[in-house]
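Student: I should like a close look at a single part of this model, namely the surroundings of its ligand. Please take me through that part step by step, and then place it within the whole chain.

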Amino acid sequence: MAQIKRSKALQSVATFAEDTAAIEMKRHRPTVDREKVEEAIRMLLEAVGENPNREGLLDTPARVARMYEEIFAGLHHNPSEELSARFHVDHDELVFVKDIPFYSMCEHHLLPFFGVAHVAYLPSGGVVTGLSKLARLVDMVAKRPQVQERMTNMIVDVLMQEMEPAGAMVVIEAEHLCMNMRGIKKPGSKTLTIAARGEFQEHPERREEILQMIRYAH
Ligand SMILES: Nc1nc2c(ncn2[C@@H]2O[C@H](COP(=O)(O)OP(=O)(O)OP(=O)(O)O)[C@@H](O)[C@H]2O)c(=O)[nH]1
Ligand SMILES: [Zn+2]
């Protein structure tokens with residue numbers, strides 16, 4: 001089993017250069033129909049009683065279109081591609097990257113929710129990925145209309161699928177502007193979501209280990 005994973009890892013390293021070039025291209029490809037967004041923003045401004053032709057708003061539709069291209073970049077991007085950098089290291093113990101900041105958009109209100117993601121996994125067969133790739137994975141999953149629960153599960157599932165680790169766990173702490181600035185108006189409230197797979201799901205003490213390390217950071 002470990003042997004199979006090992007050879008899969010080496011194969012991945014061999015195709016790493018090609019993958020990197022492909023990912024770079026995809027990172028910069030446009031994902032949003034700018035013209036359509038501009039038209040929609042003009043209509044939205046009109047609909048809320050604004051004048052889209054007043055000076056201060058003239059460039060707003062184009063700005064919003066550029067912004068959406070950036071903040072929804074994950075929509076046409078396969079997050080699995082972020083983990084294509086694999087290395088072989090003699091380490092089968094915990095790898096844990098804490099406090100990865102992220103910004104996402106609540107799919108119910110199209111308002112931001114933001115906070116930190118903590119990503120842990122237990123490498124198997126000595127296969128690890130680049131630490132920055134874990135942060136890139138968080139970013140790509142965040143850059144789309146989301147709910148926090150789905151975001152948490154997507155990150156952990158991509159990790160399990162791509163790395164085949166003995167376990168993976170993701171914790172997200174976030175503030176939702178739709179709960180702060182409108183509606184129920186509870187600024188400062190935080191939502192925590194946890195997704196655990198493999199050893200972290202099967203052994204409560206492994207899960208607790210991660211939660212403790214998160215607590216110590218505050
Ligand atoms: N589970 C979950 N709910 C979310 C998330 N982001 C926003 N919501 C909730 O989505 C719900 C949408 O509820 P609706 O009743 O359809 O919308 P609403 O009338 O604007 O609700 P209020 O926010 O209560 O005013 C609200 O309870 C939000 O707090 C998320 O990431 N996860
Ligand atoms: Zn919302």
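Tutor: Let us begin with Lys185, which counts as exposed because it has 9 C-beta neighbours inside 10 Å, and a residue with 12 or fewer is classed in this way. Lys185 lies in the loop between helix 7 and strand 7 (191-198). Its phi is near 50°, a positive value in a residue other than glycine. Please bear in mind throughout that the model is predicted.

We may now turn to the ligand. The shell around ligand 1 consists of Cys106, His108, Val147, Gln148, Glu149, His176, Cys178, Met179, Gly183 and Ile184. Two elements, helix 6 (148-163) and helix 7 (177-180), each give two or more residues to this shell. In chemical character, the shell holds 5 nonpolar residues, 4 polar residues and 1 charged residue.

A database record can be set beside this list. In an unreviewed UniProt entry, the annotation "binding site" covers Cys106, His109 and Cys178. These residues are spread over 73 residues of sequence, yet they cluster in space, for the largest C-alpha distance is 7.8 Å. Of the annotated residues, Cys106 and Cys178 also appear in the shell around ligand 1, and each of them deserves separate attention.

Cys106 is placed in strand 2 (residues 95-106). Because 18 other C-beta atoms lie within 10 Å of it, Cys106 is partly exposed; a buried residue would need 20 or more. When its neighbours within four places in sequence are set aside, Cys106 is in contact with Leu111, Phe113, His176 and Cys178. One of these partners, His176, is itself a member of the ligand shell.

Cys178, by contrast in its setting, belongs to helix 7. There are 16 other C-beta atoms within 10 Å of Cys178, so this residue is likewise partly exposed. With its neighbours within four places in sequence again left aside, Cys178 is in contact with Cys106, His108, His109, Leu111 and Gly183. Its partners thus include His109, a residue that the record annotates as part of the binding site, and also His108 and Gly183, which stand in the shell around ligand 1. Leu111 is a contact of Cys106 and also of Cys178.

Strand 2, which holds Cys106, has a further feature. Asp99 is also in strand 2, and its phi is near 55°, a positive value in a residue other than glycine. Asp99 is exposed, because 12 other C-beta atoms lie within 10 Å.

Finally, we may place this part in the whole. The protein chain has 9 helices and 7 strands, and buried residues make up 27% of its 218 residues. Among its contacts with a separation of 6 or more, 75% join residues 24 or more positions apart; the contact between Cys106 and Cys178 is one that links strand 2 to helix 7. The domain assignment gives domain 1 (34-71) and domain 2 (82-216), with C-alpha centres 33 Å apart. The unreviewed UniProt entry also carries the annotation "domain: GTP cyclohydrolase I" for residues 38-215. That span is 39% helix and 28% strand, and its end C-alpha atoms lie 44 Å apart.

Notes
Residues are numbered from 1 along each chain as its sequence is written. Chains are lettered from A and ligands numbered from 1 in the order in which they are written. This is a predicted model: local features need pLDDT of at least 70, side-chain atom pairs count only at pLDDT 80 or more; totals for chains, interfaces and linings use all residues. A residue is near a molecule or strand if its C-beta atom, placed from the backbone, lies within 6 Å of it. Helices (H or I, at least four residues) and strands (E, at least two) are DSSP runs, numbered from the N terminus. Ala, Val, Leu, Ile, Met, Phe, Trp, Tyr, Cys and Pro count as nonpolar, Asp, Glu, Lys and Arg as charged, and the others, Gly among them, as polar. UniProt positions are given in the numbering used here, feature names are shortened, and annotations may be inferred rather than shown by experiment. Two residues are in contact if their C-beta atoms, placed from the backbone, lie within 7 Å. Domain bounds come from an automatic or database domain assignment.
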